[in-house]
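Colleague: Got a minute to walk me through this one?
Modeller: Sure, here it is.

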Amino acid sequence: MDDCIFCKIIKKELPADIVHEDEHTISFLSINPDNDGHTLVVPKEHHVDLITTPVSVLTQLMETCQKVAKGVMKGMEVEGYNLIQNNGAVAGQVIFHIHFHIIPRLSDDGFKHWKGIPYRDAAHSKEVAEKIQRSI
Ligand code: 5GP
Ligand code: ZN
């Protein structure tokens, strides 16, 4: 993709702080980290999101996520991290070349998980589950 920032980083046409690279994937620091060490794990093939990426590419991506997550934990001396992958503009995806975020977490970083709200009753949750079941 000619206008894709991540493809340009892969081709070394744009700079990035690369932390790992192999035949199929590249991992580099986010330019706007949520915490120091916030790393993006990216396949070298251009695919947009989870649904449109071949399973073989996702497998390579996951192998690298596991390897890089270990490095992020050790290198940044943190005990946890969030592995996040945004799909669609409504979900906050800004770069439409699939990537996983590895975000190191600190006990005092102030980030809060979204607050869940229980279903109003069992009939409602059953109806929701069935909608998804029928669509898979
Ligand atoms: P998204 O919102 O698409 O899931 O995440 C996009 C990520 O790419 C964000 O972490 C953002 O800071 C990062 N990013 C956007 N442009 C650049 C860039 O030019 N270089 C690097 N290294 N990261 C970028
Ligand atoms: Zn791309």
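Colleague: How much area does the protein chain expose, and what share of it do carbon and sulfur atoms supply?
Modeller: This is a predicted model, and its protein chain exposes about 9,500 Å². Carbon and sulfur atoms supply 57% of that.

Colleague: OK, and which pattern does the chain follow along the sequence?
Modeller: Reading along, you get α-β-β-β-α-β-β-α, with three helices and five strands.

Colleague: Let's talk about helix 2. Which of its residues are buried?
Modeller: Val57, Leu58, Leu61, Thr64, Cys65, Val68, Ala69 and Val72. They cover an arc of only 155° around the axis, so they sit on the same side of helix 2.

Colleague: What do those buried residues pack against?
Modeller: Strand 1 (18-21), strand 2 (25-29), strand 3 (39-43), strand 4 (80-84) and strand 5 (100-105).

Colleague: And which residues are exposed on the other side of helix 2?
Modeller: Over there, Glu63, Gln66, Lys67, Lys70 and Lys74 are exposed.

Colleague: Where is Met62, and why does it count as partly exposed?
Modeller: Met62 is in helix 2 too. Its relative accessibility is 37%, so it counts as partly exposed; the partly exposed class lies between 20% and 50%.

Colleague: Which residues form a nonpolar patch with Met62 on the surface?
Modeller: Tyr81 and Leu83. Together with Met62 they have about 250 Å² of accessible area.

Colleague: Last thing: what follows helix 2?
Modeller: Glu77, with a positive phi near 55°.

Terms used. Residues numbered from 1 in each chain as written. Chains lettered and ligands numbered in written order. Predicted model: local features only at pLDDT ≥ 70, side-chain atom pairs only at ≥ 80, totals over all residues. Heavy atoms only, no water. Buried < 20%, exposed > 50% of the residue type's maximum accessible area, 1.4 Å probe, protein only. Helix = DSSP H or I, 4+ residues; strand = E, 2+ residues; numbered from the N terminus. Arc of directions from axis to C-beta. Contact = heavy atoms within 4.5 Å. Patch = residues over 30% accessible without salt bridge, like charges linked within 9 Å, V, L, I, M, F, W, Y side chains within 5 Å. Areas by Shrake-Rupley, 256 points an atom, 1.4 Å probe, with all protein chains shown as cover. Salt bridge = Lys/Arg side-chain N within 4 Å of Asp/Glu carboxyl O.
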